[in-house]
Amino acid sequence: MCRNTQRRRAAPVDQGRRAQGGPGRAVRATLANAALSCAALAASGGAWAANWEYAPRVEAGYRYNDNYHLSEPGAEIEVSGGEADAQLTMRTLDPRTQIEITPRIQATYFPDQPADDSVDYFLNAGVSDQTPRRRMGISGDFARQDVARSELPDEVGGGLGDPVDGDSGRVISRNRRNFFHIEPYFSYDFTQRQRFDVDARYVRADFDEQVPGFQSDFSEKTASAGWGYLFSELTSVTLRGIVSQYETTSTTDAYGAYVEWARRFTETSRMYVRAGAQETKPDNGPSDTNVIAGVGGSWSRQRNTLFVDLTHTIEPISAGTVVKRYQLRMQIHHDVSPRLSLLLGARGSNDDEIREGGTFPRRKYAAADAGFEWRVLRDFAVTATYNYRWQEYADELSDRSGNGFLVGVVYEPRRAD
């Protein structure tokens with residue numbers, strides 16, 4: 001398989017796109033095919049002869065949460081104990097062909113709640129190659145993780161215009177999920193102002209146990225093609241057509257198009273506006289037309305980074321259906337001094353099933369984070385993060401909420417700055 005982690009780097013908005021069985025034959029075959037594609041692309045550019053840099057990161061600390069499964073009032077599950085998170089980012093330094101691979105392991109140990117102990121595995125990788133007129137690459141993610149984390153995300157998650165999807169908020173018992181995502185892309189400049197690009201996305205999520213209405217296998221296949229016009233080196237407009245197929249407890253076909261305006265201010269600052277429509281046709285119901293939209297930006301200054309993204313998307317979720325999701329994500333990172341930085345993040349979403357009379361009730365979900373990092377030494381830091389989560393289903397009498405915090409230390413022996 002051949003991207004940065006699900007706690008992934010923001011991808012350019014014109015490249016932002018996004019699983020039955022366990023980690024069995026189908027998944028292994030897909031992973032093998034992805035790995036062969038990555039190897040072929042890298043070999044063609046001579047990337048394997050390039051220099052590599054390695055950036056390990058280890059975090060260990062104490063986690064507490066008063067409602068780990070975000071259960072109804074009176075049924076809360078409280079956890080407290082140790083948590084460790086280790087990853088190794090490996091990337092090439094070749095200016096033309098770049099490869100990045102990040103294996104990661106995350107583990108928790110809750111002495112008073114051993115049923116919620118978990119060891120989660122992640123692999124994120126990507127290969128890209130570019131010339132003055134052509135850009136191509138492939139990226140992918142694989143994760144095996146506990147549903148308490150996959151169904152209740154508490155971070156911004158995803159790139160600009162491309163939020164992480166698939167969660168339903170349904171956690172009633174211990175379960176494990178395998179998640180696989182692969183995304184190839186190709187872009188070519190016909191002239192200095194006109195550009196053509198194609199890309200595809202395949203997403204698949206498999207659960208160890210099927211829990212109808214709560215955790216069911218799902219997948220998404222998407223292909224798109226776009227024509228872009230550059231008004232200047234910094235401003236462009238792209239017209240894009242999309243075809244998709246969502247597989248949940250039923251099959252839903254979709255096609256649509258949107259127009260997107262994008263402007264890049266610097267290498268690290270950009271914004272976009274997107275508007276369009278998509279026709280969806282479930283195999284067990286009437287077709288429906290839904291809006292595709294987004295507006296957002298990412299701005300970086302010497303001491304501040306601001307990320308804001310509002311989207312309306314159509315996506316499959318683990319509850320076994322397809323929903324239309326309004327979602328707002330925000331994050332602010334402020335460097336108080338060279339040693340101390342503050343982080344604020346928030347995510348809010350509203351899910352409605354696209355099928356009329358469906359069994360999935362309207363869901364509202366919100367998560368917020370606040371924390372700091374104190375850089376004691378270049379390669380050693382102390383961190384603390386507070387997290388709040390809230391959720392409400394339209395068919396329930398009460399909403400749900402939970403509070404948690406993580407206090408720990410971070411060790412980065414190859415940190416550059």
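Q: Contact means heavy atoms within 4.5 Å; on that basis, which residues does Asn67 touch, not counting residues up to four places away in sequence?
A: Asn67 touches Glu76, Ile77, Arg389, Ser401 and Gly402, with residues up to four places away in sequence left out. This is a predicted model, so local features need pLDDT of at least 70 and side-chain atom pairs count only at pLDDT 80 or more, while totals for chains, interfaces and linings use all residues. Residues are numbered from 1 along each chain as its sequence is written, and side-chain values use heavy atoms, with hydrogens and water left out.

Q: What makes Asn67 count as buried?
A: Buried means under 20% relative accessible area, exposed means over 50%, and partly exposed is in between (1.4 Å probe, protein chains only). Asn67 has 1% relative accessibility, so it counts as buried. You'll find Asn67 in the loop between strand S1 (52-65) and strand S2 (79-92); strands (E, at least two residues) and helices (H or I, at least four) are DSSP runs, numbered from the N terminus.

Q: How do you know that the side chain of Asn67 makes a polar contact with the backbone oxygen of Ser401?
A: A polar contact is a pair of N or O atoms within 3.5 Å; within protein, one must be able to donate a hydrogen and the other to accept it, and residues adjacent in sequence count only if both atoms are side-chain atoms. The Asn67 side chain reaches that Ser401 oxygen at 2.9 Å, so the distance passes the 3.5 Å limit.

Q: Why is the link between Asp197 and Arg240 called a salt bridge?
A: The label needs a side-chain nitrogen of Lys or Arg within 4 Å of a carboxyl oxygen of Asp or Glu. Here the N to O distance between the two side chains is 2.8 Å, so the pair qualifies. The partners come from distant parts of the chain: Asp197 is in strand S9 (residues 194-207) and Arg240 in strand S11 (residues 235-247), 43 residues apart. Both ends are tucked away, too: Asp197 is buried at 7% relative accessibility, and Arg240 is buried at 2%.

Q: How many salt bridges does this rule give?
A: The count is 34.

Q: Which residues are linked with Glu59 in a network of salt bridges?
A: The network holds Arg57, Glu59, Glu373, Arg375, Glu412 and Arg415. Among its links, Glu59 meets Arg57 at 3.3 Å, N to O, and Glu412 meets Arg415 at 3.3 Å, N to O.

Q: What makes Glu59 buried and Arg57 partly exposed?
A: Glu59 has 16% relative accessibility, so it falls on the buried side. Arg57 has 24%, which means partly exposed. The other pair splits this way as well: Glu412 is buried at 14%, and Arg415 is partly exposed at 27%.

Q: What joins the side chains of Glu373 and Arg375 at 3.0 Å?
A: That's a polar contact. Glu373 is in strand S18 (residues 363-377), and its contacts include Arg339, Leu340 and Ser341.

Q: What makes up the largest nonpolar core?
A: Seven residues do: Leu70, Val147, Leu152, Val171, Phe207, Tyr365 and Ala367. The term covers buried Ala, Val, Leu, Ile, Met, Phe, Trp, Tyr and Cys residues joined through side-chain atoms within 4.5 Å. Leu70 meets the burial condition, because its relative accessibility is 0%. Leu70 sits in the loop between S1 and S2 and has a positive phi of about 50°, although it isn't a glycine. Tyr365 touches Leu70 and Leu152, among others.

Q: Why can Met330 be part of a nonpolar surface patch?
A: Patches take residues with over 30% relative accessible area and no salt bridge; nonpolar side chains (Val, Leu, Ile, Met, Phe, Trp, Tyr) are joined within 5 Å, like charges within 9 Å. Met330 has 37%, so it is partly exposed and clears the 30% bar. Met330 lies in strand S16 (residues 321-335), and its partners in the patch of about 360 Å² are Val273, Val295, Leu310 and Leu328.

Q: How do you know that Pro132 is exposed?
A: Its relative accessibility is 78%, so Pro132 counts as exposed. Pro132 is in the loop between strand S4 (118-130) and strand S5 (134-146).

Definitions and conventions: Contact means heavy atoms within 4.5 Å. Accessible areas come from the Shrake-Rupley method with a 1.4 Å probe; for residues, only the protein chains shown count as cover.
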